[in-house]
Structures are given as structure tokens and as C-alpha cells.
Amino acid sequence: MKRVIKIESVNALKKDKLRVAAYARVSHTYLKNSLSNQVSYYNTIIQNNPEWELKGIYIDEAISGRNTNKRGEYQRLIKDCEKREIDIILTKSISRFGRNTIELLKTIRELKLLKVSVRFEKENIDTLTTDGELLLTLLSTLAEEESKSISDNIKWKVKKSFEQGIPYIKQDMYGYRFKNTKYEVERKEAKIIKQIYDWYIEGLSPTMISRKLNDIGETTRKGNKFSRAIIHNILSQETYTGKLILQKTYHDIEKGCSVINKGKRTMYIVENAQEAIITQEIFDRVQKEKSNRSLHNIKEKKSE
């Protein structure tokens with residue numbers, strides 16, 4: 001009588017693990033703690049699933065979700081998907097993955113063609129399910145509206161601060177430190193600012209002034225050496241006359257960066273906002289001298 005012994009193939013019994021990645025993003029640096037918690041959470045749930053293999057956690061920190069071009073880790077994640085290195089992407093919510101509906105849906109459809117599942121935990125959506133894209137369309141539209149609402153609220157707060165003569169972002173600057181509700185003079189730096197203006201009126205160039213300061217061991221507020229650009233900026237700061245000019249720049253959504261306000265936004269000038277370091281007369285004299293030197297340089301170049 002025949003006796004047949006069956007030996008199972010090891011490969012046939014072994015099921016390939018799904019390669020899982022997680023994407024986390026926070027839009028502000030003060031949310032770092034939230035980001036740390038997300039990373040820890042995804043590490044735990046992926047490694048505790050015997051059918052999953054951790055392919056990486058991709059993190060974008062202090063970056064808006066509206067523009068994917070500025071999210072380096074997001075771009076790297078998509079490229080790794082295109083290389084067929086990832087099967088599943090886990091992320092906290094639609095708004096964490098992206099706030100621009102058109103871009104978001106385009107990406108999801110491309111990933112769907114690659115058979116990559118994106119799972120949004122908050123909304124309980126898996127994009128590879130039949131109703132996933134329909135739900136995604138509806139919810140991502142809401143996410144974009146939510147983002148617009150938050151943006152409008154921030155704009156309102158900025159406007160109210162400006163109307164009260166208070167800068168929205170209280171940044172220290174050379175010569176001043178922001179304390180309580182206004183800028184207070186930093187005496188040692190104020191003395192150097194006065195010297196810079198005096199030297200310029202005497203005929204020294206910004207390059208020569210920076211060299212003189214570096215030679216005597218003076219440094220900027222952050223401890224760096226002075227440069228021509230820094231001196232030029234100090235000579236252009238009307239803040240040193242006691243004025244505060246608010247909304248000199250604004251964030252351009254289309255360009256994705258701050259641009260100089262050339263009349264597209266309301267500008268606010270606050271007189272006697274802080275103690276003056278130099279007089280308006282000296283400031284105006286320096287601006288006139290700068291203009292004269294610039295005109296002289298142009299004439300010299302034309303004559304060459």
C-alpha cells in the first residue's frame with residue numbers, strides 16, 4: 001500500500017506582511033508635544049500588528065497643510081509609494097494629510113491606482129473601500145472650509161491687534177526687547193545704533209561700519225558678526241524714531257511666503273509707540289543721504 005507524505009512549502013504558508021507607514025504633521029512649533037505623541041502611537045500600533053511591517057513614520061513639522069510643495073516628508077512618502085515600497089498609510093485625519101481638496105483627491109486617486117490604502121483614523125475611512133472616495137470628497141471639502149475658517153479667525157485677530165497699535169508677533173529686535181505690551185530700549189545696543197547713524201552721516205559706508213564694529217568685538221542681538229546688509233537694515237528702521245509700522249509685510253497665499261506690503265493691505269503707523277533711540281530728523285537725514293549715494297552710484301555706472 002502506497003504511503004504519501006505531504007511536506008508543505010514554507011513559502012506557501014508564510015504570508016507576506018503589509019508594509020505600513022504613518023504620516024504626521026503639525027502646523028505650529030508649540031504643537032511638538034502632539035507630534036511626539038503621534039509618533040509614539042503609530043510606532044506602537046504598527047509594531048504590535050503581526051501582519052504589518054513598519055516602513056517608516058514621515059513627519060512634517062510647523063508646516064501648513066494647504067501646500068504640499070513645502071511638505072518635504074509628505075513628498076518623500078508619496079515617492080516611496082510610487083516605488084511600490086508601501087501598502088498602507090496611516091494618518092490621524094483628513095486635515096492632517098491635506099487641506100486643499102483638489103490636491104488631496106488627486107493624490108488619493110494616484111495612490112489608489114498604486115493600490116495604496118490611506119486610512120484616516122478620525123473619520124474611519126479606508127480609501128480603497130467602495131465608499132471611501134465619496135466620503136473623502138465630502139469630508140475633505142469640510143476640512144478645507146475648516147481651514148479657511150481658522151485662517152479668517154487669525155486674520156481677524158491680527159487686524160484687531162494692529163488697530164490697538166500692538167504687533168501680532170512680538171519679536172525682539174536689535175535695540176529693543178518686547179516686554180509686557182511694548183518695546184523697551186536695550187541701552188548698550190541703542191548706543192551702538194546712534195553710533196551707526198553718526199558714522200553714516202560722517203560718510204562711512206555700511207561695509208566700513210560693519211568692519212569697525214566687528215573689529216571692536218561688537219555683535220548682533222544673536223551674537224553674530226555685523227554685515228553690510230545688517231547695517232543697511234538698521235539704517236532703514238523707522239522703529240528707532242519711536243514709531244511702530246504694522247503690516248509692512250503680509251503672507252501671500254498664492255506665493256506661499258511673506259511679501260512687502262505695497263498697498264494691498266492696510267498699514268498701521270503708531271506714533272510714540274516706544275522710546276525713541278534716534279530723532280526723526282536724523283533718520284530723515286540718513287534716508288536722504290542713502291538716496292543721494294544710490295543716485296551717485298547709478299551716475300557713476302552710466303559714465304563707465
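So, right after helix α3 comes R84, and its phi is positive, near 65 degrees. Keep in mind that this is a predicted model. Why flag that angle at all? Because most residues other than glycine have a negative phi. And R84 is not a glycine, yet its phi sits at about 65 degrees on the positive side. If you're looking for it on the screen, R84 lies in the loop that links α3 to β3.

There's another residue like this, K115. That one isn't glycine either, and its phi is again positive, near 65 degrees. You'll find K115 in the loop between α5 and β4, with β4 covering 117–120. Is K115 buried or exposed? Exposed: its relative accessible area is 65%, and the cut-off for calling a residue exposed is over 50%.

OK, back to α3 itself, residues 72–82. Which of its residues are buried? Those would be Y74, L77, I78, D80 and C81. Now look down the axis: these residues span an arc of only 160 degrees, so they end up on the same side of α3. And what sits over them? The cover includes the strands β1 (18–26), β2 (52–61) and β3 (88–91), along with the helices α4 (94–97) and α5 (101–113). So β3 turns up twice here: it is part of that cover, and it is also where the loop with R84 leads. Likewise, α5 helps cover the buried residues of α3, and the loop holding K115 runs between α5 and β4.

Next, let's move along the chain to a helix pair, α7 and α8. Helix α7 is residues 187–202, helix α8 is 206–215, and they pack at about 140 degrees with their axes 10 Å apart. That angle makes α7 oblique to α8, since you'd need over 145 degrees to call the pair roughly antiparallel. The crossing of α7 past α8 is right-handed. Who's touching whom? From α7 you have I192, I196, W199 and Y200, and from α8 it's P206, I209, K212 and L213. Sort the residues of that contact by type and you get 7 nonpolar, no polar and 1 charged.

Last, the zoomed-out view. The protein chain has 10 helices and 11 strands. It runs to 304 residues, and 38% of them count as buried. As for contacts in the chain with a separation of 6 or more, 62% are between residues 24 or more positions apart.

That's my tour, so over to you.

Methods: Residues are numbered from 1 along each chain as its sequence is written. This is a predicted model: local features need pLDDT of at least 70, side-chain atom pairs count only at pLDDT 80 or more; totals for chains, interfaces and linings use all residues. Side-chain values use heavy atoms; hydrogens and water are left out. Axes are lines fitted to C-alpha atoms, for helices over the stretch in contact, and angles run from 0 to 180 degrees between N-to-C directions. Helices (H or I, at least four residues) and strands (E, at least two) are DSSP runs, numbered from the N terminus. Angles under 35 degrees count as roughly parallel, over 145 as roughly antiparallel, 65 to 115 as roughly perpendicular and the rest as oblique. A crossing is left-handed if the near helix is turned anticlockwise from the far one by less than a right angle, and right-handed if clockwise. Contact means heavy atoms within 4.5 Å. Ala, Val, Leu, Ile, Met, Phe, Trp, Tyr, Cys and Pro count as nonpolar, Asp, Glu, Lys and Arg as charged, and the others, Gly among them, as polar. Buried means under 20% relative accessible area, exposed over 50%, partly exposed in between (1.4 Å probe, protein chains only). The arc is that of the directions from the helix axis to the C-beta atoms.
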